[in-house]
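Work through the exercises below with the sequence and the structure side by side. Try each task before you read its solution.

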Amino acid sequence: MDSVDPDFEGRVLVVANRVPISIKTTQEGEFEYSMSSGGLVSGLKGLAKAIDFKWFGWPGIDVHRNDKDKVRRHLQDNFNAVPIFLSETLAEMHYNGFSNSILWPLLHRMPDQAGSDERWSKAYQEVNEIFADNIVPYVEDNDMIWVHDYHLLLLPGILRERLSKKKNLKIGFFLHTPFPTEDYFTILPFREQICRSLLLCDVVGFHTNQYAKDFLESARIVLKGVSKSPSDLHWNRRKVIVHGFPLGIEADEWKQKLETDAVKQELANLREEFDDQKIILGVDRLDYIKGIPQKLRAYDRFLTDHPEWVGKVVMIQLAIPTREDVDAYRRLREEVELLVGRINGKHATFKHTPIHYLHRSVKPEQLCALYAVSDVCIISSIRDGLNLVSYEYAACQEERKGVLMMSTYAGAIKTLPPSSVILLNPWDAPRFAERINQALNMGIEERAKRHKEMMHVVDTWTSVKWGKAFLQTMMKMEIPKD
Ligand code: ADP
Ligand code: F6P
């Protein structure tokens, strides 16, 4: 294991809403463990291979009193993780309620998707307190606590207060979503508390410097005394660093996975199945921020405007189930499934189905093979913190040099060179359709040039670099160079 820095003597404690594994109970009452999906888990799992840290989080289920030790042992032994147990009602109001029905839509500037219930705010505060109750007994002098994501915005402030006696304790926070402009942020309940809590950190990180700026702008509006200069920012007589730290992936691991027999077998199956057809791939959690209906409409328009492609191209859209108890997500599923049915009905022939829609989570080797076999990957998010799928696709395209189509509304647009991708506006279906045509017709030389440019970033900005850059900034309290 690497250390964060040769001079660092403490331990790293990572706190996120989720631990890397999610637990479900089978009909027989047994526990079923499965990898949690999403950018946060992918990034932290990558970092865990290089740096030793303890990971605190909710196990995703209300565990009966008698089973808690079993779950604790499983998480400790396999993941160096500590479960924080929540009752079903509290978790429901914190996760489905405040976090995913108020914070998530507002952080993505979509107040129309928000719900409301007064009990959610109380539950949110309570869960942040419960996390603190569970973490405080572990903390020692010189430790670095790194809190992640919007489910725990109040936690840094609570920890700072409760741990004020600890020597040289560092607290950091990283947000895995965009940060909105102040007109959206100021809609939020307890916005002052959120800003105060984050400014009690040593380092506050975002995927992009623009989100960092937007946070500071909001903090200045809701709190008095937040200085104008981000390079010399103090709050409560303590220095705070607020900066962009884009997450990355371990590209080499994806490349190695491609060489395994399991992936080779999956690839062979896919090649046989889609012989002679170009493949357009979409991999998204079934979330309204991902712009899946916009992608489907553009594909419909493309097939209508370019009938020469009908029968020669197929779209494979993975829609990974997510937050299924939230109304907005149920409505989205209905909309997407209606559109898939309609478009398939319109363009299908007896031999050919234009969209293969899979509403499920696939195995890692299947995902890897899908990335490698596709000619085009479309990211059509209407807002997205960063988007790791785009990086993973590039990493698996050493051979084919497939084309990445990227929405201008995803954070990754700030990290990947614009000339390496085909930019798209998800709201402009006719042009989006033309871009699909451009991607499918692009020659190998141009594809290879773009792929090389992309990989320059993807190979360099790994999740290990991201984690180390953040932790070293916490340690040294120096503003990182851009
Ligand atoms: P988000 O965090 O919004 O879901 P990202 O594109 O940043 O979006 O990250 C999605 C991550 O989820 C990727 O790293 C992808 O590999 C991962 N993923 C996709 N499908 C699965 C799955 N079935 N199991 C585990 N992780 C998955
Ligand atoms: O990208 C934001 C995020 O909340 C990540 O933190 C997480 O990886 C992903 O969405 C999945 O969300 P959930 O934990 O609700 O399944």
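**Exercise 1. Find the bridge partner of Ser 22 in S3, and describe the pairing and the turn around it.**

Step one: in S3, Ser 34 is the bridge partner of Ser 22. Step two: the two strands are S2 (residues 21–25) and S3 (residues 31–35), and their pairing is antiparallel, over five bridges; two strands count as paired if DSSP finds at least two bridges between them. Step three: S2 and S3 make a hairpin with five residues between them, and Gly 29 in the turn has a positive phi of about 85°.

This is a predicted model, in which local features need pLDDT of at least 70 and side-chain atom pairs count only at pLDDT 80 or more, while totals for chains, interfaces and linings use all residues. Residues are numbered from 1 along each chain as its sequence is written, chains are lettered from A and ligands numbered from 1 in the order in which they are written, and side-chain values use heavy atoms, with hydrogens and water left out.

**Exercise 2. State how many helices and strands the protein has, and describe its overall dimensions.**

Step one: the protein has 17 helices and 17 strands, where helices (H or I, at least four residues) and strands (E, at least two) are DSSP runs numbered from the N terminus. Step two: along the principal axes, its C-alpha atoms fill a box of roughly 70 × 55 × 45 Å.

**Exercise 3. Give the strand order of the open sheet of seven strands, and identify its edge strands.**

Step one: the order is S5-S4-S1-S6-S7-S8-S11, with parallel pairing. Step two: strand S5 (81–83) and S11 are the edge strands, each pairing on one side only. Step three: from one strand to the next, the twist averages 20°; axes are lines fitted to C-alpha atoms, for helices over the stretch in contact, and angles run from 0 to 180 degrees between N-to-C directions.

Step four: within this sheet, strand S6 (residues 144–148) pairs with strand S7 (residues 170–174) in the parallel sense over five bridges, and Ile 145 stands opposite Ile 171 in S7. Step five: helix H8 packs on the sheet, touching strand S8 (203–206) and S11, and its direction makes about 145° with that of S11; contact means heavy atoms within 4.5 Å.

**Exercise 4. Explain why S14 and S17 each have one side without a neighbour in the open sheet of six strands.**

Step one: the strand order is S14-S13-S12-S15-S16-S17, and the pairing is parallel. Step two: strand S14 (355–358) and strand S17 (422–424) stand at the edges with a single partner strand each, so one side of each has no neighbour in the sheet. Step three: the twist in this sheet averages 20° from one strand to the next.

Step four: strand S15 (residues 376–379) and strand S16 (residues 403–407) are a parallel pair with four bridges, and the bridge partner of Cys 377 in S16 is Leu 404. Step five: helix H11 (residues 292–305) packs on the sheet, where it touches strand S12 (278–285), strand S13 (313–320), S14 and S15, and its direction makes about 170° with that of S13.

**Exercise 5. Describe the second largest pocket by its volume and its lining.**

Step one: the volume is about 570 Å³. For the term itself, a 1 Å grid over the protein atoms alone is used, and a pocket is an open set of points, where a 1.4 Å probe fits, with protein on both sides within 12 Å along at least five of seven lines; lining residues have an atom within 4 Å of a point. Grid points are joined across faces, edges and corners, and a volume is the space filled by probe spheres set on the points.

Step two: 22 residues line this pocket, and the closest to its centre are His 243, Gly 244, Pro 480, Lys 481 and Asp 482. Step three: the largest share of the lining, five residues, comes from H17.

Conventions:
Ala, Val, Leu, Ile, Met, Phe, Trp, Tyr, Cys and Pro count as nonpolar, Asp, Glu, Lys and Arg as charged, and the others, Gly among them, as polar.
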